[in-house]
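I opened this entry to note burial and strand pairing in one chain, looking up each item in turn.

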Amino acid sequence: MNDVVSDPSIAALSGQAAEPAVVLRNVAMDYGGAVLALADIDLALAEGEFLSIVGPSGCGKSTLLKLISGLAQPAAGQVIVRGRPVQGTPAGIGFMFQRDALLPWATVRENIAVGLDCAGLPAGAEREQRIDELLAFTGLSQFGDAYPRTLSGGMRQRVALGRILAYAPDIYLMDEPFGALDAQTKLLMGQELLSIWGRFRKGIIFVTHDIEEAVSLSDRVVVMTGRPGRIKAEYRIDLPRPRDSRGVRKLPAFHQYVDSIWGDIMSESVRN
Amino acid sequence: MSQSTLLAPGGRPLPQAAGEPPLKRARPPASDPARQTIIISRIAFAVLTVALWEVAARWLVDPFWIGQPSKIAERLWKLIVSNDLLWHAVPTVLHAAAGLLLSLLVGIPVGLLFASSKFVERVLEPFFLGLYSIPRIALAPLFILWFGIGPMSKVVMAFSLVVFVVIMNTYEGMRGVDRELIDMMKAMRASRAYILRKVMLPSIVPWLFASVRVGVGLALIGSVVGELLGSNRGLGWYVEHAAGRIDVIGVFTGLVILMVVGILLNELVKTAETRLMRNRR
């Protein structure tokens, strides 16, 4: 809880030396029947890495996140978070949902406070100060006492982001967090996420169906096949950091990545 | 580094995104013309109904059978002046309210238990439905036998009618809780008690209001039925007493008072609900 802010350079160094943050070994998943949701998943997330998963809808991308967070159990294989097999919910996991999952009966402040409660920060002056910081940080200072229904989709996702930051996790699992937003807001939120990540350098697994979004944000993009979800391809994205999620889209290399991934996914949909 | 230093040295807050104005609060203005029209129409409807009744009683049907509004009004006035109205209405309303409160105190935990344990639910379901299908009104003599003709038998009567509604509504409400909110909490390793307090209980509030709305009427029935059978006071007693003396106007007066009390209590619940639910989406 004390390493809310890590020096990026130190995080990067320790990331190389230490074991991966998340390891999935030969994982399979079904929905209690003959239908396999996931099969033969081998995947690792390095500490501080920004990893995106793209694939056709229904390929089990979201299920993968649920397995890592312990919200679901694999039918076969091992899920290991920070060296420990997942049993129950591991500590230090921040899960962000496509729908913002805000408490509709709570104000923005109270919603952000949920993250602090779960992190075990007791009520007091420090807590109020921290909420103020998070409100300022997410650009919501004037909306602390507003209720979610009065906010736009983008602002609601900022609140959700504020809540996750309040929890101060070591690993972020993001399930199409900007999927329901309009194009401009999505771009802005992506940029903000990059700047946050650049500062904290925590590992992120980012599930999306937007290939350009995945390439513009990530260190690595994993492409999955249709049901049952398997890993079809993996791309290391060698684009310069720190990135500007809009500027990076003008680079020729960016379009090469996007084209290859498109090719992978198209061949998938033809196969089905 | 302490919790309170989220921002790295030199870190600047994220800018307020442009083109994202907060949505305006959608709240109807205080002087809603539609609302006024409705209130006026309601009064017109009530006046018309009473007028037709009065006409019928004067020229068409013997008021011995159907009562007569002007005579009921006269009786009502007498009851108000002699303070008998309060004398009878207060215990009826208090017993109903106590029964309703007791139903909530018992019904919510039982509903939560049913919803949280599939096992308990499946074992107890037939017994629950069995109890539910007993006509509780028929139990009134038994309650009087057990609890005497004092307040307790009325409270228990009201309770026996309302508690099932609360249990079933709590149960239904729990089944409708947004799974994603629970997953969100679980992913942050929130305790069961915390999830109950922050997600479950707030989610079932609309269902509890629904129970209370239905429950107000049922509790009044319970309270009155208890009084019909054994008491020396209360609106139920007043109606029974009047009927015993073939005082039809007295019976109708008692019923009118009960109706008005029911309407007032319902309006009270509605007002509380609108206030509490204002911020929901």
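Which residues of helix 2 of chain A are buried? I found K61(A), S62(A), T63(A), L64(A), L65(A), L67(A) and I68(A), where buried means that 20 or more other C-beta atoms, placed from the backbone, lie within 10 Å of the residue's own (exposed is 12 or fewer, partly exposed in between). Helices (H or I, at least four residues) and strands (E, at least two) are DSSP runs numbered from the N terminus.

I kept in mind that this is a predicted model, in which local features need pLDDT of at least 70 and side-chain atom pairs count only at pLDDT 80 or more, while totals for chains, interfaces and linings use all residues. Residues are numbered from 1 along each chain as its sequence is written, and chains are lettered from A and ligands numbered from 1 in the order in which they are written.

After helix 2 of chain A I came to G70(A), whose phi is positive, near 75 degrees.

Next I looked at strand 3 (residues 50–54) of chain A, which is largely enclosed by the rest of the structure because five of its five residues are buried. F50(A), S52(A) and V54(A) point one way, L51(A) and I53(A) the other.

I then checked pairing, which requires at least two DSSP bridges between two strands. Strand 3 of chain A pairs in the parallel sense with strand 8 (residues 203–207) of chain A over four bridges, and L51(A) stands opposite I205(A) there. Strand 3 of chain A also pairs in the parallel sense with strand 9 (residues 220–224) of chain A, over four bridges, where R220(A) is the bridge partner of L51(A).
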